[in-house]
Amino acid sequence: MTKNLSYIFILSVLLSACSTTKYLAPGQKLYTGGEVKVQDKDLKKSDAKALTEELQPLLRPKPNGSILGLRVKLWIYNKTRTKKTKGLAHWLNTKFGEPPVLVSSVDLDKNSNILKNRLQNQSYFQAQVTGDTVSKNAKSKTAKAIYTAVTGPGYKIRKVIFPPGKESIDTAVTGTSAQTFLKPGDKYSLDVIKNERIRIDAKLKEEGFYYFSPESLIMRVDSTITGHQVDIFVAVKNDIAGRSKNIYTIDNIYVYPNYSLRDTSLMLDKAQHYRWYNVVERRKTVNNYIFANTVLMRPGEVYNRTDHNNSLNRFVNLGPYKFVKNRFEDVSTDSSKLNVYYFLTPYKKKSLQLEVLGRTTSANYTGTQVNLNWLNRNAFKGGEALKVTLFGSTDVQVGGDNNGFNVYQAGIQTTLSWPRFISPFYPKADNAYIPHTNLTLGYTLVNRQKLYTLNSFNMSFGYQWKESVHRSHELNLINITFVNPQQVSKLYRDSIASSGNPTLQHVIDKQFTWGPSYSYTFTNTTEDYRTNTFYYNGKVSLSNNIYGLIRGADTTAGKVRTLFGTIFNQYVKLENEIRYFHKTGPNSTFASRLIVGVGLPYGNSTLLPYSQQFFIGGPNSLRGFQARSIGPGSYDPTSKIRKGDFLPDESGDIKVEANIEYRPKLFSIVRGALFVDAGNIWLLNSNSGQPGGVFTKSFLKDMAIDAGFGLRFDLSVLVLRTDLGVPLRAPFRQAGDQEWNLNFRRAVFNLAIGYPF
């Protein structure tokens, strides 16, 4: 094996060194790249390193690309060179080949000036850069460029002077000074100056200066100050247009709900006034009130950019419209008033879509799902989205503990979503996000082959809204779930009797939940520039709490109560999930997650309904254990399984789970992962059928722990994930087992879509 590796290494060196240079003409040298050396005795090593990393990408041209030292594209180019303009060789040459980048194509002076200019923009006004090409020896057919940068002293800001004038534009600019990016003591930076102009412009846009722009400002820099310091003078240019100095107010607002490019007339004679805006269309397609939640500007108000942008976002997210075009026009040449026009191009009102999906589930089943979606984007001319979905799915496990006990589902789901609050009162919502009121009705037929068939009905009514870009809420005033067993096989009933596991019976019990739920989410994980990002989701769910108390429900005392002739579930359920991400570098991240959930059944229930219980294990949880195969507590779920029986799904009333994962970028689209998972589920009340399953103060002794590694393939449209998890500690131990046991023969391979968290 070692001998073969040696051959591969020698072959790689030969391909890289010889095959890509032997085609060069006499005197030609292949360019292998540029190197920047920053030199200054007074410069910190960390600053020099940061400058080098900033300057290196500015060098041009780029050398021929390589993979593990092999210039594959150049090799293909050389091997497929042809004078033909078509054919396989020409296609390979132009599609995959890359012509040689020669040292003669490197402009040392131009690159040196680019680097010098960049250093001057970063406060090193006295910087000097020289460049030269270097070869290993006179006979070498390769060469690189080396640039030596002597930075000189860095200039710092002594003071910043804002306009002292009395005009409204001058006082407005000066009024922004408290939030300036230009701080005395900081190094001069052209990038910061550019961002300062953008900041001032954004602030003035909030105060009505519609025609103002960053280019209306000039920053004068005085670098003659002793001690390598500068003074920066912020000023409004003298030659800007007069309207750039004016504060504008809103006059009339017009909305065109059925606009197309063929429309050239504003049709103001057809405008229908509604509250503070006008709706203009030839044929009635919407009710005028539809835009009361999207037009945030008001006639007579001073123009501001926030309401401008938020209104546009709300139009886009309203639902029925594919394109939104916005225009502001002066009422007259001598007026500081603006007319506002919104031109909306609608989608087709109705659509039919067929989806065929392949999937893997958290329970290690693989299968397919077919969805037939019918959508009406403007059902009642108020932007209501009515969606009806017919679906069917199959989930199959091959070779696992549940081989042959496949799951088949079919059903219908109907959702009606209003782009506003349907309520006598609602939270203030003047941001960029449309609130929604949702009504959902659904039915699912679940058939688990050889075991049971369930009828499941669900209904919910509630609200979704975003408080800000980071905070969102979901409040369902009512959630109704009714699950009714239709057929239960003898095999399943025999398993209940032989195992004594009440969880099996619980699956086929009638389930009737009725109550509200509320969920709050905070996240800033989309802000990639942050070193640390955070995600939190908290949810509380209730079922028949007040009704159960009024009726005096107490199943332990024999006082079982019903609603509509059916025994109802009574519980309080709390769920919390925290994720924390720390960037250790530009291409690596530490990710961690903590989940804590508690369900308290009481009154009419001793257990949470099966649909509300917690599960653990699988590709998105503890990856060293099969999904739903561990817990509750130290209970061994395999202890009472006979040969040929299926492995039941284990569930609990309490869940604690923690995960940590290191995610480095390996190369190209491939990322790696090293991870450790820990957690378990427990019951609140004692259960003779599952000894060791009750939550106690020594719950940490029941934790299941695994570790492993994996690869993620980022294909842009999706992330394909593979993980190999190895159990380190099981919550239960059979005869002869040690508490800690690293055994790769028990490893679990997980294939999934997307990151686990």
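Helices and strands are taken here as DSSP runs, helices of at least four residues and strands of at least two, numbered from the N terminus. In the predicted model described below, the loop between strand 11 (337-346) and strand 12 (350-360) holds Lys349. Lys349 has a relative accessibility of 39% and is therefore partly exposed, the partly exposed class lying between under 20% for buried and over 50% for exposed. On the surface, Lys349 belongs to a patch of positive charge in which it is gathered with Arg283, Lys284, Lys350 and Lys381.

The overall architecture comprises 11 helices and 29 strands. Along the principal axes, the C-alpha atoms occupy a box of roughly 90 × 85 × 60 Å. The protein has 757 residues, of which 43% are classed as buried. Among contacts with a separation of 6 or more, 64% are made by residues 24 or more positions apart. The exposed surface of the protein amounts to about 39700 Å², and 56% of this area is supplied by carbon and sulfur atoms. With regard to charge, the protein carries 95 positive and 59 negative charges, and a distance of 6 Å separates the mean positions of the two sets.

A nonpolar patch is also present on the surface. Its members are Phe534, Ile578, Tyr580, Leu594, Val596, Val598, Leu600 and Leu684, and together they account for about 580 Å² of accessible area. Two or more residues of the nonpolar patch come from each of strand 23 (571-585) and strand 24. The greatest contribution is that of strand 24, which provides 4 residues. Phe534, another member of the nonpolar patch, is located in strand 20, which spans residues 532-543. The relative accessibility of Phe534 is 32%, so this residue counts as partly exposed. Phe534 thus satisfies the accessibility criterion for patch residues, because that criterion requires over 30% relative accessible area.

Backbone geometry was examined next. Most residues other than glycine have a negative phi, and most peptide bonds are trans. Against this background, two cis peptide bonds are described. One joins Arg60 and Pro61, with omega at about 0°. Pro61 is placed in the loop that runs between helix 2 (45-55) and helix 3 (72-79). A further cis bond leads from Gly631 to Pro632, where omega is near -5°. Pro632 is situated in the loop between strand 24 (588-601) and strand 25 (654-667).

The loop between strand 24 and strand 25 also contains Arg628. Phi of Arg628 is positive, near 60°, although the residue is not glycine. Arg628 has a relative accessible area of 23% and is therefore partly exposed. The loop between strand 24 and strand 25 accordingly holds both Arg628, with its positive phi, and Pro632, with the cis bond that precedes it.

A positive phi in a residue other than glycine is likewise found at Met267, where the value is near 50°. Met267 is positioned in the loop between strand 7 (249-256) and strand 8 (272-274). Its relative accessibility is 9%, so Met267 counts as buried, the limit for this class being under 20%. Met267 is thus buried, whereas Arg628 is partly exposed.

Technical notes
Residues are numbered from 1 along each chain as its sequence is written. This is a predicted model: local features need pLDDT of at least 70, side-chain atom pairs count only at pLDDT 80 or more; totals for chains, interfaces and linings use all residues. Side-chain values use heavy atoms; hydrogens and water are left out. Buried means under 20% relative accessible area, exposed over 50%, partly exposed in between (1.4 Å probe, protein chains only). Contact means heavy atoms within 4.5 Å. Accessible areas come from the Shrake-Rupley method with a 1.4 Å probe; for residues, only the protein chains shown count as cover. Lys and Arg count as positive and Asp and Glu as negative; His and the chain ends are not counted. The place of a charge is taken as NZ of Lys, CZ of Arg, CG of Asp or CD of Glu. Patches are made of residues with over 30% relative accessible area and no salt bridge: like charges are joined within 9 Å, nonpolar side chains (Val, Leu, Ile, Met, Phe, Trp, Tyr) within 5 Å. A salt bridge is a side-chain nitrogen of Lys or Arg within 4 Å of a carboxyl oxygen of Asp or Glu.
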